[in-house]
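Trainee: Could you take me through one part of this structure slowly, and then show how that part connects with the rest? I would like to know what sits at the surface there and what is enclosed.

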Amino acid sequence: MDEYLGSVVASDGSTVYSHRSSDGSVTRTDGQARPHNPDGPAKTCPDGYIEYLVEGEYHRLDGPAVSFPDGYQVWMISGVRSRLDGPAVTLPDGRVQFWVAGHRFNTEAEYWNYVTGVLGDRLAS
């Protein structure tokens, strides 16, 4: 289990979080080591930019792993674009993209057919 060590505000105004892992290594979110915060955002900036990272990879199960102030959002699991309950990418102009495990679907209908059909069968068994 990681031990939360605290946070500081970097010179660019972003918040840097530090954790100590069970092997004694310290992880920081400012490029000093692999960014990591299992309990919340690893980096937040004053302009509203937010990153969720675990072991240096974009990762979040219950929301976008990356959010930009202009509305661009990307849902990722272990560094791969993926979402099972809606679009994995939202663009600033409102357009969306549907992804599962790094595969982009051409249409929303194709995505929902896959999620409810193929994955639904796997989850039911």
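Mentor: Take Asp-93 as the starting point: its relative accessible area is 52%, so it counts as exposed, the cut-off being over 50%. Please keep in mind that the model is predicted. Arg-95 has a similar status, exposed at 51% relative accessible area. The side chains of Asp-93 and Arg-95 form a salt bridge, with 2.7 Å from N to O. Side chains of opposite charge can pair when their charged atoms come close.

Now the backbone around this pair. Strand E12 covers residues 89–90, and strand E13 covers residues 96–100. E12 and E13 make a hairpin with five residues between them. In the turn of that hairpin, Gly-94 has a positive phi of about 95°. The two strands pair in the antiparallel sense through two bridges, and Thr-90 stands opposite Val-96 of E13.

Follow the chain into E13 and the surroundings change. Four of the five residues of E13 are buried, so the strand is largely enclosed by the rest of the structure. E13 also pairs with strand E14 (residues 103–105), again in the antiparallel sense, over three bridges. E13 therefore has E12 as one antiparallel partner and E14 as another, besides being a largely enclosed strand. In the pairing with E14, Phe-98 stands opposite Phe-105.

The turn between E13 and E14 is a hairpin with two residues between the strands. Ala-101 is in this loop. Its phi is near 50°, a positive value in a residue other than glycine. At 61% relative accessibility, Ala-101 counts as exposed, whereas four of the five residues of E13 are buried.

Next, the nonpolar side chains. The largest nonpolar core has 10 residues, among them Val-89, Leu-91 and Trp-99. Val-89 falls within E12, and Trp-99 falls within E13. Other members come from earlier in the sequence, including Tyr-49, Ala-65, Val-66, Val-74, Trp-75 and Met-76. Apart from this core lies another, of five residues, among them Val-100, Phe-105, Tyr-111 and Val-115. Trp-99 thus belongs to the largest core, while Val-100 belongs to the other one. Phe-105, the residue that Phe-98 faces across the strands, is also in that five-residue core.

Val-74 shows how the largest core ties back to E12. Leaving aside residues within four places in sequence, Val-74 is in contact with Pro-64, Ala-65, Val-66, Arg-81, Ala-88 and Val-89. Of these, Ala-65, Val-66, Ala-88 and Val-89 are also members of the largest core. Val-66 starts strand E8 (residues 66–67), and Ser-67 lies in that strand too. Ser-67 has 13% relative accessibility, so it counts as buried, the cut-off being under 20%. Beyond four places in sequence, Ser-67 touches Gly-48, Tyr-49, Ile-50, Tyr-72 and Gln-73. Tyr-49 is another member of the largest core.

There is a second non-glycine residue with a positive phi to set beside Ala-101. Ser-78 has a phi of about 50° and lies in the loop between strands E10 (76–77) and E11 (80–81). Ser-78 is partly exposed, at 40% relative accessible area, whereas Ala-101 is exposed. Ser-78 is in contact with Glu-57, as are Tyr-52 and Gly-79. Glu-57 lies in strand E7 (residues 57–58) and is partly exposed at 38%. Glu-57 and Met-76 are 19 residues apart in sequence, with their C-alpha atoms 8.9 Å apart.

Return now to the charged pairs. The count of salt bridges comes to three, Asp-93 with Arg-95 being one of them. Another joins Arg-83 and Asp-85, also at 2.7 Å from N to O. There the arginine has 17% relative accessibility and counts as buried, in contrast to the exposed Arg-95. Arg-60 and Asp-62 form a further bridge, their closest N and O atoms being 3.1 Å apart; Asp-62 is exposed at 61%.

For scale, the protein has one helix and 14 strands, and 35% of its 125 residues count as buried. Among contacts between residues at least 6 apart in sequence, 12% join residues at least 24 apart.

Notes:
Residues numbered from 1 in each chain as written. Predicted model: local features only at pLDDT ≥ 70, side-chain atom pairs only at ≥ 80, totals over all residues. Heavy atoms only, no water. Salt bridge = Lys/Arg side-chain N within 4 Å of Asp/Glu carboxyl O. Buried < 20%, exposed > 50% of the residue type's maximum accessible area, 1.4 Å probe, protein only. Contact = heavy atoms within 4.5 Å. Core = buried A, V, L, I, M, F, W, Y, C linked by side-chain atoms within 4.5 Å. Pairing = 2+ DSSP bridges.
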